[in-house]
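Me: I have a structure open and would like your help with a close look at a single part of it. Could you walk me through the surface that meets the DNA?

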Number of protein chains: 2
Amino acid sequence: MKPFGKLSSEKQARIVNASISEFSEKDYETASMNSVVNQAGISKGSLFNYFKTKNILYNHIYKLALGEVKNYLRNVRDKTADFPFDERLSKIVDSGIKFITEHPRLARIYFRLVYSGDSPNRDKIVNELQSMSEDYLGNIVQDAMNRGELNPNLDKAQSVFFLDAVLNRFLKEYHEAMNHGSQNAFNKDEWGKGITKFFTKGLS
Amino acid sequence: MKPFGKLSSEKQARIVNASISEFSEKDYETASMNSVVNQAGISKGSLFNYFKTKNILYNHIYKLALGEVKNYLRNVRDKTADFPFDERLSKIVDSGIKFITEHPRLARIYFRLVYSGDSPNRDKIVNELQSMSEDYLGNIVQDAMNRGELNPNLDKAQSVFFLDAVLNRFLKEYHEAMNHGSQNAFNKDEWGKGITKFFTKGLS
DNA sequence: ATGTAAATTGACCAGGTGGTCAAATTAATA
DNA sequence: TATTAATTTGACCACCTGGTCAATTTACAT
């Protein structure tokens with residue numbers, strides 16, 4: 001068993017928590033192992049005993065973040081499997097907002113990973129995410145096409161791309177607005193409606 | 001006159017060129033003044049004589065990059081003022097691709113600025129960009145609405161947001177695909193058509 | 001050619017980085 | 001309790017950072 005797994009769950013939590021804070025506040029290169037160590041209240045040697053390198057620690061954390069994101073997505077997809085396209089889209093937006101609100105630090109790590117350039121293995125990870133998203137949104141679009149809710153001659157790849165672009169951008173802006181305290185910048189419901197209307201029309 | 005302005009234009013070009021390389025390859029924190037100095041073939045003291053801090057040098061460079069971007073945008077907007085919406089949109093995509101192809105390093109600095117988190121004054125700059133884009137795309141949407149090409153009851157802010165999201169994301173992906181050598185990832189014409197079709201329909 | 005002013009240099013500084021490892025502490029075994 | 005094994009520690013290392021400044025080189029005026 002890996003040394004980190006042997007630790008008391010309280011200590012594990014402390015370390016994970018400190019790491020999440022650090023990697024969400026600074027990008028990979030700028031994030032500091034010393035800072036993690038101080039926040040977690042352990043010694044430097046210990047941290048490097050649990051995680052041999054900064055890279056490995058980062059991998060541990062981002063997988064954690066991504067796992068949570070995937071959970072959310074899987075959840076909303078399955079729970080809305082029988083809903084029509086527009087309601088489904090609306091729920092996706094809602095759950096995205098919910099995730100961001102409940103896990104702002106994990107969301108930050110996610111956005112940093114997707115939009116910033118210097119995480120290790122960034123290309124591989126982003127490719128993974130891309131194909132995950134294609135899969136996810138692709139299924140939803142396909143379902144809607146099968147039901148006759150969307151134009152059956154759609155270029156699916158492009159449609160998914162548009163969806164992904166708008167959804168991600170919206171959530172990113174929402175996340176940033178949230179972190180800057182300007183709560184009124186986005187009216188959730190209004191924007192949710194706007195997005196679903198725009199896509200049901202654009203892809204019809 | 002500032003010391004940098006007194007330099008021979010050849011030397012100025014060398015320094016600007018080295019700085020563009022550095023800031024396009026690494027993000028602000030990671031970019032190294034030592035590296036700029038070596039690439040430019042001047043001494044460290046000189047560089048800090050021309051630009052008192054890293055921050056000031058970065059500002060000089062990003063303003064340069066942004067100026068070029070604005071030039072391109074202004075150009076295409078004015079030259080297509082009388083075109084219908086779909087042709088206009090198509091030209092915007094084309095000119096974006098052209099810019100990226102001709103100035104890949106400046107494009108990289110632009111994307112890094114917009115999507116990454118650690119440039120100095122990032123918030124201020126991004127706000128500036130946002131209102132610039134709102135202005136730019138807002139005008140184009142407004143023109144089309146006035147001409148009766150788009151639904152006159154559109155929520156303009158949202159429409160502009162969608163346009164901005166998709167255009168930026170597309171150009172970013174195109175830029176990344178280009179830099180990774182995979183030229184066939186995007187068929188320019190096909191995607192240009194797809195984008196215009198999607199928006200003319202979605203906003204009609 | 002000489003003196004002076006301006007431009008250029010690079011050794012140097014304090015401070016930070018990821019990572020190491022002998023030594024000290026704690027836990028487990030007998 | 002005495003011995004051994006596992007865990008934890010933090011001083012330390014080489015390296016890099018942005019930035020400084022006395023000293024040297026260059027340019028120019030007389």
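Which polar backbone atom is 2.9 Å from a phosphate oxygen of DNA strand C, and what surrounds that strand?

Reply: Happy to take you through it. Please keep in mind that this is a predicted model. The backbone atom you ask about belongs to A31(A): a polar atom of its main chain is 2.9 Å from a phosphate oxygen of DNA strand C. The next residue to look at is S32(A), where an N or O atom of the side chain is 3.0 Å from a phosphate oxygen of the strand. Chain B takes part as well, since a polar side-chain atom of K6(B) lies 3.3 Å from a phosphate oxygen of DNA strand C.

Now for the wider surroundings. DNA strand C is surrounded by 18 residues, and A31(A) is listed among the closest, together with K44(A), K54(A), G45(B) and Y50(B). On the DNA side, 57% of the strand's atoms that come within 4 Å of the protein belong to sugar and phosphate. By class, the protein surface near the strand holds six nonpolar, eight polar and four charged residues.

Which helices should you display? Three of them each supply at least two residues of this surface: α3 (33-40) and α4 (44-50) of chain A, and α4 (44-50) of chain B. The greatest contribution is that of α4(B), with four residues.

With both chains at the strand, it helps to see how they are related. A turn of 180° with a shift of 0.0 Å along the axis lays chain A on chain B with an RMSD of 0.1 Å. That is what a two-fold axis does. The two copies use the same surface, as 97% of the contact residues of chain A recur in chain B. To find the axis on your screen, go to G202(A): its C-alpha is 1.8 Å from the axis, the closest approach by any residue of chain A.

If you then want to look beyond the DNA, try the largest pocket, which holds about 1000 Å³ of space. Both chains contribute to its lining of 43 residues, with R169(A), L129(B), S133(B), D164(B) and N168(B) nearest the centre. Here α8(B) gives the most, with eleven residues. The lining consists of 27 nonpolar, eight polar and eight charged residues.

Definitions and conventions:
Residues numbered from 1 in each chain as written. Chains lettered and ligands numbered in written order. Predicted model: local features only at pLDDT ≥ 70, side-chain atom pairs only at ≥ 80, totals over all residues. Heavy atoms only, no water. Least-squares fit on C-alpha atoms with pLDDT ≥ 70 in both. Contact = heavy atoms within 4.5 Å. Near = heavy atom within 4 Å. Polar contact = N/O pair within 3.5 Å; in protein donor to acceptor, adjacent residues only side chain to side chain. Nonpolar A, V, L, I, M, F, W, Y, C, P; charged D, E, K, R; others polar. 1 Å grid on protein atoms, 1.4 Å probe; cavity = no way out; pocket = protein on both sides within 12 Å on 5 of 7 lines; lining within 4 Å. Points joined across faces, edges and corners; volume = space filled by probe spheres on them.
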